[in-house]
Amino acid sequence: GATLNGRELVYQNLVHRDLDRLGIDTPIHAVGAAANYSYLYLLIRACTELPVRRVVELGCGQSTLLLDALAARGDFEVVSLEHEAAWAERIGARCDRARVVHAPLVDRRICDQIACVHDPEAVEGDDFDVLLVDGPQKSKRRSRWGALHWLERLDAEDFVVIFDDAERRGELDTIAQALKQLDRRGICYTATRIRSVKTQFLIAGGAMQSAVYF
């Protein structure tokens with residue numbers, strides 16, 4: 001509605017203000033299915049205000065280009081996993097710092113459900129503290145359920161997880177299960193929802209917990 005569109009305009013202004021302040025001139029096309037401005041706003045603040053070491057992103061696109069520019073000004077690594085080879089090549093060719101990896105989808109049993117997961121071998125080790133969930137394609141229920149595999153590999157002390165498209169029923173299924181996983185592991189966290197023309201759900205813990213107040 002009008003309120004959500006109004007919020008998006010606020011986030012658009014904040015994003016362009018921050019890009020100017022940071023001296024980043026990467027073109028941003030936050031339209032259609034691409035990342036919207038509230039999501040890009042969260043990425044800018046997380047990558048400039050938090051002690052980020054390594055980002056794993058599920059699904060590449062406009063957000064990857066922004067992360068690439070931010071990584072050039074920070075001291076962190078970005079690995080973006082994309083199951084469509086041509087799209088991974090296209091976005092990867094525009095990145096200097098971010099590593100875009102073609103990671104085909106493979107079936108894995110996760111929480112008693114068969115889910116498509118970006119090839120778990122695509123990322124070495126479990127040393128990452130930011131997980132961004134914006135792929136693969138959506139489904140009506142348990143959408144992007146494969147993200148739960150990567151959640152298990154996330155730093156259990158200091159971390160941020162951002163689910164995009166958190167207004168959709170399928171993503172809400174996965175978010176609910178993600179919170180159950182964290183609870184079962186005894187991991188302390190805080191969570192919040194950011195609403196604009198799309199909704200993001202953010203979970204943070206430890207030294208990253210201030211992200212819930214962005």
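What follows is a walk through a predicted model, from a ring pair to a helix, a loop and the empty spaces.

Let's start with the aromatics. A pair of aromatic rings is described by the distance of the centres and the angle of the planes. With centres required to lie within 6.5 Å, the count here comes to one aromatic pair. The partners are Tyr11 and Tyr41: their ring centres sit 5.1 Å apart and their planes make an angle of 50°, so the pair is tilted. That angle is neither under 30 degrees, which would be stacked, nor over 60, which would be edge-to-face. Tyr11 belongs to helix 1 (residues 2-22) and Tyr41 to helix 2 (residues 37-49), so the pair ties together parts that are 30 residues apart in sequence. Both rings' residues are tucked away: Tyr11 is buried at a relative accessible area of 16%, and Tyr41 is buried at 8%.

Stay in helix 2 for a moment, since Tyr37 is found there too. Tyr37 has a relative accessible area of 9%, so it falls under the 20% cut-off and is buried. Leaving out neighbours within four places in sequence, its contacts are Glu8, Tyr11, Gln12, Val15, His16, Ile28 and Ala30. Tyr11 is one of these contacts, and it is also a member of the ring pair. With His16, Tyr37 makes a side-chain polar contact of 3.0 Å. For a backbone view, the C-alpha atoms of Tyr37 and Gly6 are 12 Å apart in space, with their positions 31 residues apart in sequence.

Helix 2 also turns up around the enclosed space. Rolling a probe the size of a water molecule over the atoms shows where empty space is left. Counting cavities of 30 Å³ or more gives one, and the largest cavity holds about 50 Å³. Its lining is made up of Leu43, Ala46, Cys47, Val52, Val55, Leu67, Val130, Leu132 and Ile162. Helix 2 and strand 6 are the elements that give two or more residues to that lining, and helix 2 gives the most, with three.

Then there is the open space. The largest pocket takes in about 570 Å³. It is lined by 26 residues, and those closest to its centre are Ala33, Cys60, Trp87, Asp134 and Arg144. Helix 3 (62-71) and helix 4 (85-92) each supply at least two lining residues.

Arg144 leads on to Gln137, since the two are in contact. Gln137 sits in the loop between strand 6 (130-133) and helix 5. Setting aside neighbours within four places in sequence, Gln137 also contacts His83, Leu105 and Ser143. The side chains of Gln137 and His83 are joined by a polar contact of 3.3 Å. Cys116 is 21 residues from Gln137 along the chain, with their C-alpha atoms 10.0 Å apart.

Last stop: helix 6 (residues 169-184). At 1.5 Å a residue, its 16 residues should span 22 Å, and the end C-alpha atoms are 23 Å apart, which agrees. Its buried residues are Gly170, Glu171, Asp173, Thr174, Ile175, Gln177, Ala178, Leu179, Gln181 and Leu182. What do the buried residues of helix 6 pack against? They pack against helix 5 (147-152), strand 7 (159-163) and strand 9 (199-205). Just after the helix, Gly186 takes a positive phi of about 70°.

Definitions and conventions:
Residues numbered from 1 in each chain as written. Predicted model: local features only at pLDDT ≥ 70, side-chain atom pairs only at ≥ 80, totals over all residues. Heavy atoms only, no water. Phe/Tyr/Trp six-rings, centres within 6.5 Å; stacked < 30°, edge-to-face > 60°. Helix = DSSP H or I, 4+ residues; strand = E, 2+ residues; numbered from the N terminus. Buried < 20%, exposed > 50% of the residue type's maximum accessible area, 1.4 Å probe, protein only. Expected span 1.5 Å × (residues − 1). Contact = heavy atoms within 4.5 Å. Polar contact = N/O pair within 3.5 Å; in protein donor to acceptor, adjacent residues only side chain to side chain. 1 Å grid on protein atoms, 1.4 Å probe; cavity = no way out; pocket = protein on both sides within 12 Å on 5 of 7 lines; lining within 4 Å. Points joined across faces, edges and corners; volume = space filled by probe spheres on them.
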